[in-house]
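Reader: Hello! I'm new to this structure and would love a close look at a single part of it. Could you pick one strand and show me what surrounds it?

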Amino acid sequence: MTATTDNNSNQPLVSLREIQELAIAITAKSLNPAMLTVDFLKYSGIVPPDWELNGQPVLNPNYAQVNFQNGISIVAQPRKITFVEIINSPDSLNLKLPEIVGLYLDKLPLAEYQALSIAPKSIVPFPSSPDAAKKYITETLLAPGPWLNFGIAPLQAGINLLYQLETSQLS
């Protein structure tokens with residue numbers, strides 16, 4: 001847990017929490033959303049047969065979504081499937097998602113996989129004002145300069161970090 005204070009009031013501005021959601025996305029040339037059905041997931045052994053649905057699955061030619069009551073969701077679009085796990089407790093050692101993704105890959109070994117994306121997500125509350133998040137990014141994380149007030153609308157900021165590794169790129 002990390003805390004940061006507002007420079008003007010020394011009041012706590014941000015409290016970073018543990019990861020709250022994990023998403024693993026896979027792209028492949030031959031992934032078809034119509035393949036994502038509850039029957040396929042259960043009968044192939046990708047998910048246990050006792051997992052209960054959290055609502056009616058969505059299935060159409062360009063989009064499929066299955067949500068389970070345990071916080072795992074699977075969304076398929078042409079050439080991409082995304083597995084998401086909501087992490088409700090600080091005990092993140094019991095993640096089910098990596099095993100589910102591994103089982104999926106084992107069951108469909110010929111899908112011509114192209115990319116893998118792992119995206120942990122943590123929500124950082126900024127309760128002091130509606131623009132506190134923007135101020136934190138532009139006044140704390142980024143260096144000041146004339147580029148902060150450029151154009152006819154307020155600056156919108158986002159941060160992407162890209163690292164070139166020996167065999168791939170990490171973003």
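**A close look at strand β7**

Author: Gladly! Let's start with the order of the parts: from the N terminus on, the elements of the protein run β-β-β-α-β-β-β-β-α-β-α-β-β. That comes to three helices and 10 strands, where helices (H or I, at least four residues) and strands (E, at least two) are DSSP runs numbered from the N terminus. Keep in mind that this is a predicted model, in which local features need a pLDDT of at least 70 and side-chain atom pairs count only at pLDDT 80 or more, while totals for chains, interfaces and linings use all residues. Residues are numbered from 1 along each chain as its sequence is written, and side-chain values use heavy atoms, leaving out hydrogens and water.

How far can you trust it? The pLDDT, the predictor's confidence in each residue from 0 to 100, averages 83 for the protein, and 86% of the residues score at least 70. Confidence is highest in β5, at 97, and lowest in strand β1 (residues 2-5), at a mean of 43.

Now to the sheet that holds our strand. It is an open sheet of six strands in the order β4-β5-β6-β7-β3-β8, with antiparallel pairing. At its edges stand β4 and β8 (113-121), each with a single partner strand, so one side of each has no neighbour in the sheet. On average, neighbouring strands here are turned by 10° against each other, direction ignored; such angles run from 0 to 180 degrees between N-to-C directions, with axes fitted to C-alpha atoms, for helices over the stretch in contact. Two strands pair if DSSP finds at least two bridges between them.

Look at β7 with its two partners. On one side, seven bridges join strand β3 (residues 21-28) to β7, and the two run antiparallel. Here you can find Ala-25 standing opposite Thr-82 in β7. On the other side, β6 and β7 also run antiparallel, joined by six bridges, and Ile-74 stands opposite Phe-83 in β7. The hairpin of β6 and β7 has two residues between the strands, and in it Arg-79 takes a positive phi near 70°.

A helix joins the picture too: α2 lies across β3, β6, β7 and β8, running at about 155° to β7. Contact here means heavy atoms within 4.5 Å. With such surroundings, is β7 enclosed or open? Five of its seven residues are buried, so β7 is largely enclosed by the rest of the structure. Buried means under 20% relative accessible area, exposed over 50%, and partly exposed in between (1.4 Å probe, protein chains only).

Next, the aromatic rings. Rings of Phe, Tyr and Trp (its six-membered ring) pair if their centres lie within 6.5 Å; planes under 30 degrees apart count as stacked, over 60 as edge-to-face and the rest as tilted. By this rule there are two aromatic pairs. The rings of Trp-51 and Phe-68 have centres 5.2 Å apart and planes at 65°, so they form an edge-to-face pair. Both Trp-51 and Phe-68 are buried. The pair that involves our strand is Phe-83 with Tyr-104: with centres 5.3 Å apart and planes at 70°, these rings are edge-to-face as well. This pair links distant parts of the chain, since Phe-83 is in β7 (residues 80-86) and Tyr-104 in helix α2 (residues 97-107), 21 residues apart. Phe-83 is buried, with a relative accessible area of 0%, and Tyr-104 counts as buried at 4%.

One last neighbour is worth a visit. Ile-72 lies in strand β6 and counts as buried because its relative accessibility is 0%. Leaving out residues up to four places away in sequence, Ile-72 touches Val-84 and Glu-85, among others, and also Trp-51 from the other aromatic pair. The C-alpha atoms of Ile-72 and Trp-51 are separated by 9.9 Å, although the two are 21 residues apart along the chain.
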